[in-house]
Amino acid sequence: MERILLKKGWIIDGSGKDRFQGDVLIEGKKIKTVSSFPLSGEGARVIDCEGLVVAPGFIDGHSHQDHFFAVDDPHPFFDSFLEQGITTFICGNCGFGMAGFQKGSPYKQEIAKGFLANALYDVEVSWDTWPEYEQIIEGQGMLANMAKLAAHGAALGSVIGPGTPDAFALTEQVKKEVLEILEEGLLDGCKGISLGLAYRPGNFMTDEEIHKTAALAAEHGKLLTVHRKVETALSGAYTDFDEAHNVRWLRSFFDIIQDTGVKVHVSHLIYPGRSTFPSYEAMHKLLETYRAAGLDVTYDMYSYEYGATEIAILLAADIPLVLDRIRTDRKYHDLREAESLKTAELAGIQESDVILSNPYVPELEPYKGMNFRDIAEMRGLSGFDNKLDILERTNGHATILLSPYYTTEMIVRQMQDPLCNYMTDAWIDPGCTQNPAAYGGMPRFLRLAREETDMRLEDVVHKMTGKTAKRFDLGRRGLLKNGYYADITVFDPKEVSETATPEHTQGKPKGIACVMVNGQIVVEWGQVKDVRAGMSI
């Protein structure tokens, strides 16, 4: 059994308690001893950590890495995350999942890969359930740990197909089958259920379905995570109410699920568009109000001002169902274009705020990395028609980088909220304009806290380790504690920072000295090793 001794480091154990200088002895996959007194290194590899912080491995609280564990060579998809100090990923978010399908579904190949089909070209989806998938990826070796959520969109899509559902697709039998698939996932170890109310096919969930899904999670004592619904100007989201659209939607969602007793986690609490920024105070007052009324609610956030998503999110949810009418009925076309323009105007999102990250089709390849204003101009199309054309040509799967979600000042303020956990919500998509959070998401939190706040380093580490582990019920993870798994990140508290920026998206982070997954060293000073020590947890 391999023994490793981390000597004389500043131990921040992930609980939020004050740091102390000491040693950590690892035996095999577990932490043998955490001590403020010197430990004997006899028979162990000794690593001098003087001046460095020894912390639990960082937990990415909102990830889509489940899609990449099965690729032939996982390093291109995981190395940048390991280099940040991330050792565990919470997967199956936003209703997307790499498993949890109706048995024998003819749609599972497309559902599993979704907009990442280009990156997952060599993966044959031969499984249905999470245990079947876990057996495969553990058999070939995992570079990091994976915890998973039962993904509602994946379950529904495996039953009815991946497209935008119409009113006739969501029969009572379909709804029953989806709940059965989700419950199977919970029984198979999923930490909760994820909803993707902005994405096909979950974007047409009714209030009744949301309530039943929340009740199912509550029945099993599991978490419900939610990616909020996207609303349009003509639906009254901006014009018919005194409160902001994002606040009004979240209030409505809380009202739907509150009586179930479910624990709820809001995915990426953001303020999409400059005009939405003033809703910050109202949003946090809303969270406090429902917490005071007994709702167990938390949320997560990015460290960058923007995020990655699908092009379909830029248009009203029903657009894929009415494309033929838009093409043939000019008045209807103009009405829908006016709606789109009004939505963008009132949200404060401009065409230049949207970057085409990966179009996935050869004819759009020349526009990769460009903003939508310039793309539309080059193609001689209006902004609306440009989005419609890209939507149709890519079946809604073109990926984009969308901003602004916050200002840096808003990020700094929100990251200090006790209800907040940290995450990246990023992935590596070969050949595209990358999301810098895939390279610097966690180190950026550490740098911002050091330079822009008076936060204790112990509290920052807690939010990306012990707090997240407790919220998602990860067992013996997230703390430096005797008998816990030895997921550990060693870093220089004075130097740790991101170098990835919107202009140079793939910069490696600074200050990460050593990363361990289940007792094995996977990164030493930026050098990733081919060590597959991860587990499904």
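Is N518 buried or exposed? N518 is buried, with a relative accessible area of 2%. The model discussed here is predicted.

**The hairpin around N518**

N518 lies in the loop between β19 (512–517) and β20 (520–524). These two strands form a hairpin with two residues between them. They pair in the antiparallel sense, over four bridges. V517 stands opposite Q520 in β20. Phi of N518 is positive, near 50°, in a residue other than glycine.

β19 also pairs with β18 (488–491). That pairing is antiparallel too and has four bridges. Within it, V490 has C514 of β19 as its bridge partner. Six of the six residues of β19 are buried, so the strand is largely enclosed by the rest of the structure.

D473 offers a second positive phi outside glycine, at about 55°. Its setting is the loop between α16 (466–471) and β18. D473 counts as exposed because its relative accessibility is 54%, and the cut-off for exposed is over 50%. N518, by contrast, is buried at 2%.

**Backbone points to check by eye**

The table gathers backbone angles from several loops, together with G294, which follows helix α8.

| Residue or bond | Angle | Location |
|---|---|---|
| R200–P201, cis peptide bond | omega about -5° | P201: loop between β10 (192–196) and α6 (207–219) |
| S403–P404, cis peptide bond | omega about -10° | P404: loop between β16 (399–402) and α13 |
| D473, positive phi | about 55° | loop between α16 (466–471) and β18 (488–491) |
| N518, positive phi | near 50° | loop between β19 (512–517) and β20 (520–524) |
| G294, positive phi | near 105° | follows α8 |

**Helix α1 and its cover**

Helix α1 spans residues 75–82. It is mostly covered, with six of its eight residues buried. The buried ones are H75, F77, F78, S80, F81 and L82. What covers them? The cover includes β6, β7, α14, β19, β20 and β21 (527–528). Both strands of the N518 hairpin, β19 and β20, are therefore among the elements to look for here.

**A three-strand parallel sheet**

β6 and β7 also belong to an open sheet of three strands. The order is β6-β7-β8, and the pairing is parallel. β6 (58–60) and β8 (145–148) stand at the edges. Each has a single partner strand, so one side of each is left without a neighbour in the sheet. Neighbouring strands are turned by 25° against each other on average, direction ignored.

Four bridges join β7 (residues 86–91) to β8. In one of the pairs, C91 has K148 of β8 as its bridge partner.

**Helix α8: one side in, one side out**

Helix α8 covers residues 280–292, 13 in number. From its first C-alpha to its last it reaches 18 Å. That is close to the 18 Å expected at 1.5 Å a residue.

Which residues of α8 are buried? They are Y280, M283, H284, L286, L287 and Y290. They cover an arc of only 150° around the axis, which puts them on the same side of α8. An α-helix has 3.6 residues a turn, so residues three or four places apart point the same way. On the other side of α8, K285, E288 and A292 are exposed.

The buried residues of α8 pack against three elements: α7 (245–257), β13 (297–301) and α13 (408–414).

**The nonpolar cores**

F254 has contacts with residues of α8. Leaving aside neighbours within four places in sequence, F254 is in contact with V264, V266, L286, L287, Y290, L295 and V297. Of these, L286, L287 and Y290 are also listed among the buried residues of α8.

F254 is also a well-connected member of the largest nonpolar core, which has 150 residues. Y133, F253, F254, I257, Y422 and F491 touch the most other members of that core. Helix α14 (residues 437–452) gives the most to this core, with eight residues. α14 is also part of the cover over α1.

A second, separate core has 20 residues. Its members include L6, I47, I488 and A513.

Terms used. Residues numbered from 1 in each chain as written. Predicted model: local features only at pLDDT ≥ 70, side-chain atom pairs only at ≥ 80, totals over all residues. Heavy atoms only, no water. Pairing = 2+ DSSP bridges. Axes fitted to C-alpha atoms, helices over the stretch in contact; angles between N-to-C directions. Core = buried A, V, L, I, M, F, W, Y, C linked by side-chain atoms within 4.5 Å. Buried < 20%, exposed > 50% of the residue type's maximum accessible area, 1.4 Å probe, protein only. Contact = heavy atoms within 4.5 Å. Expected span 1.5 Å × (residues − 1). Arc of directions from axis to C-beta.
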